[in-house]
Amino acid sequence: MTSSKSDLIGAIRAVLSGLIDPDSQKPLGNSGRIADISVREDGRATVILHTQAPPTDADTALRVQAEAVVDAVPGVASAQILMTAHSNAPMNAPMNATPNAPAPRAGERRLQKGDNIAAQDAKPPQGAAQARSGIELPGVGAVVAVASAKGGVGKSTIAVNLAVACAQLGLKTGLLDIDVYGPSAPTMLGTQSVKPEADASKKLRPVEAHGLKTMSIGYLADQDAPMVWRGPIVMSAITQMLSDVAWAPLDILFIDTPPGTGDAQLTLAQRAPLSGAIIVSTPQEVALADVRRGVAMFRKTAVPVLGVIENMAYFEDPASGARTHIFGEGGARRTAEALEAPFLGEIPLETVLREGGDVGAPAATTHPGCAKLFQALAEKILAQLAAPQGKPAPEIAFT
Ligand code: ADP
């Protein structure tokens with residue numbers, strides 16, 4: 001850390017210390033509530049404060065006050081205050097403590113292009129899920145987690161292009177990136193330099209990009225200090241990024257989750273109003289055990305598994321059209337079948353997918369072939385959301 005950065009953190013700590021903790025009526029500096037202060041290169045400051053679960057009105061007032069004083073520190077471009085509750089039992093509940101809540105059921109009728117899910121009379125994907133979770137997202141239709149049990153399988157690439165494809169199909173679409181171990185949405189969307197701002201009601205306005213409303217932990221966190229984004233702080237950040245962001249109105253919100261089946265995913269599955277989950281996997285056998293774990297976790301938490309996507313399924317030689325199955329063939333499809341989870345489709349290894357991610361222009365926005373591929377995938381997912389659970393998705397062939 002540069003000395004100017006540590007000076008800035010010291011200055012932030014000093015102004016925060018002068019505030020009065022509403023609980024103990026002591027200066028905040030002596031209250032033990034300041035969990036972390038970080039500052040990004042561009043001057044964006046993030047402060048994490050311990051709080052009650054759920055936060056009280058006094059906590060909210062403290063947060064507003066803290067935001068104002070940190071914002072005023074010379075050198076701070078903007079301030080973001082996150083509240084974390086360490087003693088929130090449901091957040092840390094073990095998997096076997098999950099209540100036997102009924103699986104959220106999807107709508108009676110199929111979703112169609114241009115559908116405003118939020119405006120439908122019946123909102124079963126949300127109704128049941130929101131009742132279960134405790135976090136409500138009024139005005140948001142379906143909430144779909146994009147998960148993988150391992151990093152590097154292309155989960156974020158799929159999430160971004162899938163969201164873009166949904167927007168292209170006419171749905172109001174959002175993308176929330178909570179991959180705390182490597183939030184890649186800002187890079188993939190080309191929004192690294194954009195900073196989310198608060199609206200009049202103190203909710204963060206999502207960053208608009210490629211027809212999507214987006215929010216990423218990468219917009220808020222100091223990328224130099226990933227260690228802080230662990231455990232309860234992760235849980236708190238996830239909760240806030242769902243409830244303190246002005247998402248509505250949205251037809252569908254995709255959540256790019258951290259890889260694995262740890263606390264973060266479990267919390268998301270238990271607390272976020274998920275309509276369903278999609279699991280991304282590569283074809284090789286070593287990844288398949290992970291798919292099984294992912295499917296099992298969502299099922300245990302009563303989140304419908306909308307299906308499995310096989311990424312990097314094959315490489316097609318542009319000259320001859322010959323396909324090479326670099327990582328094996330059809331493994332994710334077989335696993336999906338064995339687990340009785342729908343198989344949603346294959347995404348080939350495509351240079352344009354990687355390049356698009358690197359330069360912040362998703363391939364679905366620049367390559368009509370990719371757009372078609374992801375739109376077909378999106379339609380299958382929408383069909384799964386609208387179909388009674390357990391019914392297999394219609395087969396759509398990618399060309
Ligand atoms: P994850 O979110 O699972 O960690 P990413 O989406 O970040 O994975 O992808 C990891 C890397 O693989 C990125 O460089 C991405 O551009 C690349 N990638 C992902 N899917 C494909 C694909 N189908 N074809 C080519 N490159 C891909």
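Helices and strands are taken here as DSSP runs, numbered from the N terminus, and in these terms lysine 202 of this predicted model belongs to the loop that connects helix 6 (185-189) with strand 6 (207-209). The backbone of lysine 202 has a phi near 70°, a positive value in a residue other than glycine. Most residues other than glycine have a negative phi, and most peptide bonds are trans. A second backbone feature is found between alanine 248 and proline 249, which are joined by a cis peptide bond with an omega of about -5°. Proline 249 is likewise placed in a loop, namely the one between helix 8 (231-243) and strand 8 (250-256).

The surroundings of the ligand comprise 16 residues, of which Gly152, Lys155, Ser156, Thr157 and Pro348 come nearest. When this shell is divided by class, 7 residues are nonpolar, 6 are polar and 3 are charged. At least two residues of the shell are supplied by each of helix 5 (155-168), strand 10 (305-316), strand 12 (343-349) and helix 12 (351-359).

Several polar backbone atoms of the protein are paired with oxygen atoms of the ligand. For glycine 152, a backbone N or O atom is found 2.8 Å from a ligand oxygen, while for valine 153 the distance between a polar backbone atom and an oxygen atom of the ligand is 3.0 Å. A polar backbone atom of glycine 154 is in turn placed 2.9 Å from an oxygen atom of the ligand. Of the 560 Å² that the ligand exposes when taken alone, 80% is buried by the protein.

Helix 5, which contributes to the shell around the ligand, also packs against helix 14 (residues 368-386), with the two axes 8 Å apart and at an angle of about 80°. Because angles of 65 to 115 degrees count as roughly perpendicular, helix 5 is described as roughly perpendicular to helix 14. On the side of helix 5 the contact is formed by Ile158, Asn161, Leu162, Ala165, Cys166 and Gln168, and these residues meet Ala371, Phe374, Gln375, Leu377, Ala378 and Ile381 of helix 14. The residues of this contact between helix 5 and helix 14 comprise 9 that are nonpolar and 3 that are polar, with no charged residue among them.

Conventions: Residues numbered from 1 in each chain as written. Predicted model: local features only at pLDDT ≥ 70, side-chain atom pairs only at ≥ 80, totals over all residues. Heavy atoms only, no water. Near = heavy atom within 4 Å. Polar contact = N/O pair within 3.5 Å; in protein donor to acceptor, adjacent residues only side chain to side chain. Areas by Shrake-Rupley, 256 points an atom, 1.4 Å probe, with all protein chains shown as cover. Helix = DSSP H or I, 4+ residues; strand = E, 2+ residues; numbered from the N terminus. Nonpolar A, V, L, I, M, F, W, Y, C, P; charged D, E, K, R; others polar. Axes fitted to C-alpha atoms, helices over the stretch in contact; angles between N-to-C directions. Parallel < 35°, antiparallel > 145°, perpendicular 65-115°, else oblique. Contact = heavy atoms within 4.5 Å.
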